[in-house]
Amino acid sequence: MLLGRVAGTLVASRKEPRLSGLKFLVLQQLDVDNTETGSYVVAADAVGAGVGEVVLYATGSSARQTEFTHERPCDAVVMAIVDTWEVGGDERYHK
Amino acid sequence: MLLGRVAGTLVASRKEPRLSGLKFLVLQQLDVDNTETGSYVVAADAVGAGVGEVVLYATGSSARQTEFTHERPCDAVVMAIVDTWEVGGDERYHK
Amino acid sequence: MLLGRVAGTLVASRKEPRLSGLKFLVLQQLDVDNTETGSYVVAADAVGAGVGEVVLYATGSSARQTEFTHERPCDAVVMAIVDTWEVGGDERYHK
Amino acid sequence: MLLGRVAGTLVASRKEPRLSGLKFLVLQQLDVDNTETGSYVVAADAVGAGVGEVVLYATGSSARQTEFTHERPCDAVVMAIVDTWEVGGDERYHK
Amino acid sequence: MLLGRVAGTLVASRKEPRLSGLKFLVLQQLDVDNTETGSYVVAADAVGAGVGEVVLYATGSSARQTEFTHERPCDAVVMAIVDTWEVGGDERYHK
């Protein structure tokens, strides 16, 4: 999994029928020091994450292993809202 | 999922039998500011997207989770036409 | 899917038993303007592609969705021979 | 699989229900000479790895092939603690 | 699939139970001209490859499609020992 910050939302009214009801979030990818890498991903939301929150997202077939994304054409999902992480004993982020 | 602009179409008359009937789109990948990254992908079309439209595409096994691509040797699919997205409260694209 | 040109073939007599009978092609990856990117992939052939032909290849689990590659340890397959594609109304390749 | 050093842990109290009980490790990716590459990944722990240990991790659907991660939205797992590896006859790491 | 040279072996005594019996090889990735790219991967061995041999390896879920790796948390497998390949009519490697 990788870290991301919820930067905003995306709206798509014309889509594959199986996607109806899914909320799409635009994530800015974060490195381990909590700075943006410049990469992004659009992910389905499985946990009710809000703009500005730091989240963990999964990609590939693992992104379909939630109640919301099961058997849907979705390759990225926000599956956790991060409270804190540390590297080398130093806290790099705290919600 | 990532963002792309439909740049054109691709025709392949000799192909794996399971691919018959699929429409192939050439997508220019977009970054979060709606500018082209220089990368491309050829994706199957599951939503009737037209040239010039901004779309969302899924890759890997998730690309087979549509009516059109189920159990086909296809690793990228256009599964939504984008209306709008925003980043940090600013709208970056509006159809 | 991505575009490639069949650059040559690969022979491997000692291999996983499930791979017997598969033909391996060395592909030079192409960008959307039909120039080589410098990357390559070795792919199984599902369509009888010949050296010099421009093809479309799929990777990951989707590479196993052909008659030839089903349940085999193969992560890339040539699944179509390209006739033509266009970008922005301009034909970039014609067989 | 790739090599990583366990740099720390990550806590996420609000998450997809199927993730409850999983321990998340922050891994610094290592190259073959046992130096950090600058990349990281957050992986589930399937072997009880501790901070500072050198581990092997698997990604994608293979990350769900452990007792802890089966059918969970998890795309990276620590599945082995490394004792030693060698390259060209030289030992590059010994626990 | 990609090409690699078996650079050495890796030992991990503490690992996920399903991995017991698997042999791990450290592969240096090769480009199409048979020179090292600087990237590596640790792969399970499904064909009895020895140090110094040039091999073909598969990644992702396809890496689990061998007798040795079925349903194991393994995302890379050596599935063939290469005899020869050619590019543009020139042999680039011969065992």
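**Exercise 1. Strands across the D–A boundary**

Find out which strand of chain A is joined to E2(D), and in which sense the two run.

*Solution.* Let us start with the strands in this predicted model. Strand E6 of chain A, residues 76-81, is joined to E2(D) by two bridges. The two strands run antiparallel. Now look for a partner pair: A:Ala80 has D:Lys15, in E2(D), as its bridge partner.

**Exercise 2. The contact between chain D and chain A**

Describe the contact of chain D with chain A: how many residues does each chain give, and how much area is buried?

*Solution.* Step one is the residue count. Chain D gives 29 residues to the contact and chain A gives 30 residues.

Step two is the area. About 2300 Å² is buried between chain D and chain A, and carbon and sulfur atoms give 53% of that area. On the chain D side, the residues that lose the most area to chain A are D:Arg14, D:Tyr40 and D:Asp75, which together make up 29% of what that side buries.

Step three is the polar side of the story. Between chain D and chain A there are zero salt bridges, but 19 residue pairs are in polar contact, with both residues at pLDDT 80 or more.

Step four asks where the touching residues sit. Four strands of chain D each supply at least two residues of the side that touches chain A: E1 (2-11), E2 (14-15), E3 (24-30) and E4 (36-45). Sorted by class, that side of chain D holds 15 nonpolar, six polar and eight charged residues.

**Exercise 3. The contact between chain C and chain E**

Work through the other contact: which residues of chain C lose the most area to chain E, and which strands pair across the boundary?

*Solution.* Begin with the size of the contact: 29 residues of chain C touch 29 residues of chain E. The buried area here is about 2300 Å², with 53% from carbon and sulfur atoms. C:Arg14, C:Tyr40 and C:Asp75 lose the most area to chain E, together 29% of what the chain C side buries.

Next, check the polar links. The rule finds zero salt bridges across this interface, while 19 residue pairs are in polar contact (both at pLDDT 80 or more). The side of chain C that touches chain E draws at least two residues from each of the strands E1 (2-11), E2 (14-15), E3 (24-30) and E4 (36-45). By class, this side has 15 nonpolar, six polar and eight charged residues.

Finally, the strands. E1(C) pairs with strand E7 of chain E, residues 84-87, in the antiparallel sense over two bridges. In E7(E), E:Thr84 stands opposite C:Val11.

**Exercise 4. How the copies are related**

What rotation superposes chain C on chain E, and why do the copies meet through different surfaces?

*Solution.* First, the rotation: 72°, with 0.0 Å of shift along its axis, lays chain C on chain E with an RMSD of 0.0 Å. The two copies are therefore related as by a five-fold rotation axis.

Second, the surfaces. Only 3% of the interface residues of chain C are also interface residues in chain E, so the copies meet through different surfaces.

Third, try chains D and A. A turn of 72° and a shift of 0.0 Å along the axis lay chain D on chain A with an RMSD of 0.0 Å. Here too the copies use different surfaces, as 3% of the contact residues of chain D recur in chain A.

**Exercise 5. Chains that stay apart**

How far apart are the nearest C-alpha atoms of chain A and chain C, and of chain A and chain E?

*Solution.* Chain A does not touch chain C, and their nearest C-alpha atoms are 10 Å apart. Chain A does not touch chain E either, and the nearest C-alpha atoms of that pair are 10 Å apart.

Methods:
Residues are numbered from 1 along each chain as its sequence is written. Chains are lettered from A and ligands numbered from 1 in the order in which they are written. This is a predicted model: local features need pLDDT of at least 70, side-chain atom pairs count only at pLDDT 80 or more; totals for chains, interfaces and linings use all residues. Side-chain values use heavy atoms; hydrogens and water are left out. Contact means heavy atoms within 4.5 Å. Buried area is the accessible area (1.4 Å probe) that two parts lose on being put together, summed over both. A salt bridge is a side-chain nitrogen of Lys or Arg within 4 Å of a carboxyl oxygen of Asp or Glu. A polar contact is a pair of N or O atoms within 3.5 Å; within protein, one must be able to donate a hydrogen and the other to accept it, and residues adjacent in sequence count only if both atoms are side-chain atoms. Ala, Val, Leu, Ile, Met, Phe, Trp, Tyr, Cys and Pro count as nonpolar, Asp, Glu, Lys and Arg as charged, and the others, Gly among them, as polar. Two strands pair if DSSP finds at least two bridges between them. Copies are superposed by least squares on the C-alpha atoms of residues with pLDDT of at least 70 in both.
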